[in-house]
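Hello,

Please find the structure below, with the sequence alongside. My notes on what turned up in it follow.

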Amino acid sequence: MTISWTIEGVREAVAAKKVSARELAGEFYKRIEARNAELNAFLTLSPERAYAQAERVDAMVAAGKPLPPLAGVPLAIKDVISTRGIRTTCGSKILEKYVPPYDATAVERLEKAGAVILGKTNCDEFAMGSSNENSAYGPVRNPEATDHVPGGSSGGSAAAVAAGLAVAALGTDTGGSIRQPGAFCGVPAMMGSYGRVSRYGLIAFASSLDRIGPFARNVKDIASVLQIISGRDPQDSTSTTAPVPDYRAETEKPVKGLRIGIPTEYFGAGMDEGVHKKIEAGIELFKKLGCKLLDIHMPHTDYAIATYYIIATAEASSNLARYDGVRYGLRVEGDSLLSMYRKTRGAGFGAEVKRRIMLGTYVLSAGYYDDYYLKGQKVRALIAQDFQDAFTKVDAIVTPTSPVPAFRLGERTNDPLQMYLADIYTVTGSLAGVPGISIPCGKVCGKLPVGLQIFGRPFGEARVLQLAHAFERAGGADL
Ligand code: GLN
């Protein structure tokens, strides 16, 4: 069984009894056993829950019952997403022993659709990072080039799918953490619009930006997973009641005549030559597919990184206040309440998380709130306006996902600013709330994947998937 499984492949094989869901789960655990020591993509495996679910699917097959859409599909879940009875660490020492008493809505929906949850994937601590080197449990290696980072913060999920250790995976994206690791590892990766997927059970980093979304081996599989996890959830008041289209069917629609905007601001200094050439070739491919290309301007792009790091850290400093040694996770005793707080947070959080709490506390403090946080919110509105203006002229926006391909392990760890710049092309869409996908667009240096990013209108996921699928089918990954 060496085929690279897709969701469709699994469905057909399981329904035709060519393989049982149990055998398939067993095969994936064997693969994980063979590669995880090197890649460090999984932090926790959940074989008991996986096999119990596989047996339920196999019983349905045996009884000749109609199978749900993800019957028997082995999936991985980023370790910031709550799973009932399965340890959920957020890549942090402070939650090393935390076992959630409930499932995130996305996980619950996937299991209801027949998916088999193999385990939890490594990530930057509390999803803060762009290389997966901020995990308290060690970095993840990029399966395409193991001396390189997989991107972050959802590096474990991206690596698991790229290495064939899961058919698809869930990640989370606050400023680029689905799209950028997708680009670095060479797999499609998507964040839906803010509000498209319930955040219930997603352990918060920055609540106004956090989104759950899929990694998969092809765009149709992305559509299949997004379909299941999307839609209103009464447990998350920011989840939308907007209807969920049939994303898989939408991918088949013709793209001829669609208008694609190419924002000049996304092709600036600091961009790798090789990446630039591949993206140019990708844009040419859209032209060959009959799309109309338009140069557009998004004048506030330059302010996106600064704005993101004000808003995201402000929200993080508030969200992370709950780890106080009383309510969740680690507790280090001290001689007073204050010393217990200090010792717990001092020992439990890593350097990057502490840096963000300090930055976030600073921008929210009296005297600085107006200059930083409030101004940040105003600029955020201007960035969203850039997108709104663009979408009066075009149907989608195409950019590079990242200015550089995967960098070497350790290359940027001593320079937080360099690390923050890895997300220069992804944070804009995060601030604006629009959907975005990264799809493979060739490789540089013979091995390092390049990602092309497509943004769509709010709740225009179908259009994004349609363009991504056409690009993939036309050979975009091999440009
Ligand atoms: N790299 C960005 C950060 O460190 C984005 C992270 C994310 O999307 N979770 O905040």
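Thr-89 touches five residues beyond four places away in sequence, namely Leu-43, Asp-79, Leu-95, Glu-96 and Tyr-137. With one of these, Asp-79, the side chain of Thr-89 makes a polar contact of 2.7 Å. The model is predicted, so please read this distance and everything below with that in mind. Thr-89 sits in the loop that runs between strand 2 (74-78) and helix 4 (105-112). Its relative accessibility is 0%, and Thr-89 therefore counts as buried.

Next, the core. The largest nonpolar core comprises 145 residues. Leu-110, Phe-126, Phe-387 and Ile-454 are the ones with the most contacts inside that core. For Phe-126, the partners outside its neighbours within four places in sequence are Cys-90, Ser-92, Ile-94, Leu-95, Ile-203, Phe-205, Leu-320, Tyr-323, Phe-349 and Val-353. Leu-95 is thus in contact with Phe-126 and also with Thr-89.

On enclosed space: there are three cavities of 30 Å³ or more. The largest cavity has a volume of about 70 Å³. Its lining is made up of 14 residues, and Ala-127, Gly-129, Ser-177, Tyr-308 and Asp-423 are those nearest the centre. By class, that lining has five nonpolar, seven polar and two charged residues.

The second largest cavity holds about 40 Å³. Ala-183, Phe-184, Val-275, Ser-402, Val-404, Pro-405, Pro-449, Val-450 and Gly-451 form its lining. Seven of these are nonpolar and two are polar, with no charged residue. Helix 6 (179-185) and strand 11 (448-455) each contribute at least two lining residues, and the largest share, three residues, is from strand 11.

Finally, the open space. The largest pocket contains about 310 Å³. It is lined by 18 residues, with Gly-186, Val-187, Arg-217, Pro-440 and Ala-477 lying nearest its centre. The lining of this pocket divides into 10 nonpolar, three polar and five charged residues. Strand 10 (436-444) and helix 16 (461-473) each supply at least two of the lining residues. Strand 10 gives the most, with four residues.

Regards

Technical notes. Residues numbered from 1 in each chain as written. Predicted model: local features only at pLDDT ≥ 70, side-chain atom pairs only at ≥ 80, totals over all residues. Heavy atoms only, no water. Buried < 20%, exposed > 50% of the residue type's maximum accessible area, 1.4 Å probe, protein only. Polar contact = N/O pair within 3.5 Å; in protein donor to acceptor, adjacent residues only side chain to side chain. Contact = heavy atoms within 4.5 Å. Core = buried A, V, L, I, M, F, W, Y, C linked by side-chain atoms within 4.5 Å. 1 Å grid on protein atoms, 1.4 Å probe; cavity = no way out; pocket = protein on both sides within 12 Å on 5 of 7 lines; lining within 4 Å. Points joined across faces, edges and corners; volume = space filled by probe spheres on them. Nonpolar A, V, L, I, M, F, W, Y, C, P; charged D, E, K, R; others polar.
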